[in-house]
Amino acid sequence: MKAVIIEDEKQAIVALQQELKNNCPDVEICGSASTVKSGFDLITEIQPEIVFLDIQLKDGTGFDLLEKLNTKNFKVIFTTAYSKYAIKAIRISALDYLLKPIDSSLLVEAVEKAKKIDLEKMQQQINSLINNRSIDPLRQKIALQTTKGVFMYECSSILRIQSDGNYSKIFLEGDKKEVVAKTLKDFEEILQDSGFLRIHHSHLINLQHLQSYINKDGGYVILNDKTTLPVSKRKKPMLLKVLSN
């Protein structure tokens, strides 16, 4: 598989090249670039199958580069130092990222995952990322990657999310339901700034769909679809604080 690295630190480029050589011998690095402009030119010239893309470049961001490309016939794996908001945008769009310094096993896992996902799904995920950058968090879309494919939903259409081991059940408006291979903790981190609140070890709710809190039988909430859910003793103070604001 032809690949390019878009990264503004030379040492990071060398390190990633070595990791790929040692662990992913079927990935051929065909070039590297350190800016949005040179990255655009490199991708246009090489037409790679995989792009390892840093978030912060010398003249902009990896997001800016993706936005400039009319055709995105490649898989993208982000490589980044920790950035809460950038990673949140990536995770909302169901894209893969690797934190620096890059872990060998996670690199192999990301490359194998990239090989399997088809370009149409990847295009949807990239478009989701681009669209999510500048809109109100309460109106943004989330990419839900299920066994049937990748589906885009407005965050506001999600009523609640329920834990199911390493999976999560997403309950949506219109009696729709999706099952996603992410934990409830993953969704809590992704959606905590979008009006969602964890009220129980098994339940994350969208406060836009909260109808009432009933302070009896240990405390429970009623959602707009008449679903009742328990509120854990530990989560009750946070819920009451949010409701009082």
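Student: Which exposed residues sit on the other side of helix 5, across from its buried ones?

Tutor: They are Glu 109 and Lys 116. Exposed stands for over 50% relative accessible area, buried for under 20%, and partly exposed for anything in between (1.4 Å probe, protein chains only). Keep in mind that this is a predicted model: local features need pLDDT of at least 70, side-chain atom pairs count only at pLDDT 80 or more, and totals for chains, interfaces and linings use all residues. Residues are numbered from 1 along each chain as its sequence is written, and side-chain values use heavy atoms, with hydrogens and water left out.

Student: And which residues of helix 5 are buried?

Tutor: First, the general idea. An α-helix has 3.6 residues a turn, so residues three or four places apart point the same way. In helix 5 the buried residues are Leu 107, Ala 110, Val 111 and Ala 114. They lie on the same side of helix 5 because they cover an arc of only 100° around the axis; the arc is taken from the directions that run from the helix axis to the C-beta atoms.

Student: What do those buried residues of helix 5 pack against?

Tutor: Helix 1 (10-23), strand 3 (50-54), strand 6 (75-80) and strand 7 (96-99). Contact is defined as heavy atoms within 4.5 Å. Helices (H or I, at least four residues) and strands (E, at least two) are DSSP runs, numbered from the N terminus.

Student: Where can I see a similar analysis for helix 2, and which of its residues are buried?

Tutor: Look at residues 36-46: Val 36, Gly 39, Leu 42, Ile 43 and Ile 46 are the buried ones. Seen down the axis of helix 2, they fall within an arc of 125°, so they line one face of the helix. Lys 37 and Glu 45 are exposed on the face turned away from that buried side. The buried residues of helix 2 have several packing partners, including strand 1 (2-6), strand 2 (28-33) and helix 3. Right after helix 2 comes Gln 47, with a positive phi near 55°.

Student: Now the strands. How many bridges join strand 10 to strand 11?

Tutor: Two strands count as paired if DSSP finds at least two bridges between them. Strand 10 (residues 158-164) and strand 11 (residues 167-172) run antiparallel and are joined by six bridges. Ile 161 stands opposite Ile 170 in strand 11. The two strands form a hairpin with two residues between them, and Gly 165 in the turn has a positive phi of about 70°. Strand 10 also pairs with strand 14 (residues 203-206), in the antiparallel sense over three bridges. There, Gln 162 stands opposite His 203 in strand 14.

Student: How many aromatic pairs are there?

Tutor: A pair of aromatic rings is described by the distance of the centres and the angle of the planes. Rings of Phe, Tyr and Trp (its six-membered ring) pair if their centres lie within 6.5 Å; planes under 30 degrees apart count as stacked, over 60 as edge-to-face and the rest as tilted. By this rule the count is one aromatic pair. The rings of Phe 63 and Phe 78 have centres 5.7 Å apart and planes at 75°, so the pair is edge-to-face. It links distant parts of the chain, with Phe 63 in helix 3 (residues 62-68) and Phe 78 in strand 6, 15 residues apart. Phe 63 is buried at 9% relative accessibility, and Phe 78 is buried at 0%.

Student: Why is Cys 30 in no bond with Cys 24?

Tutor: A disulfide is a covalent bond between the sulfur atoms of two cysteines. The cut-off here is a pair of cysteine sulfur atoms within 2.5 Å. The structure holds zero disulfides. The closest cysteine sulfur to that of Cys 30 is in Cys 24, and at 14 Å it is too far for a bond. Cys 24 is buried, with a relative accessible area of 4%, whereas Cys 30 is partly exposed at 26%.

Student: Which residues are in contact with Met 122, leaving aside its neighbours within four places in sequence?

Tutor: Phe 74, Lys 75, Val 76, Leu 95 and Ile 117. Met 122 lies in helix 6 (residues 119-132) and is buried, with a relative accessible area of 4%. Its C-alpha is 8.0 Å from that of Leu 95, 27 residues apart along the chain.
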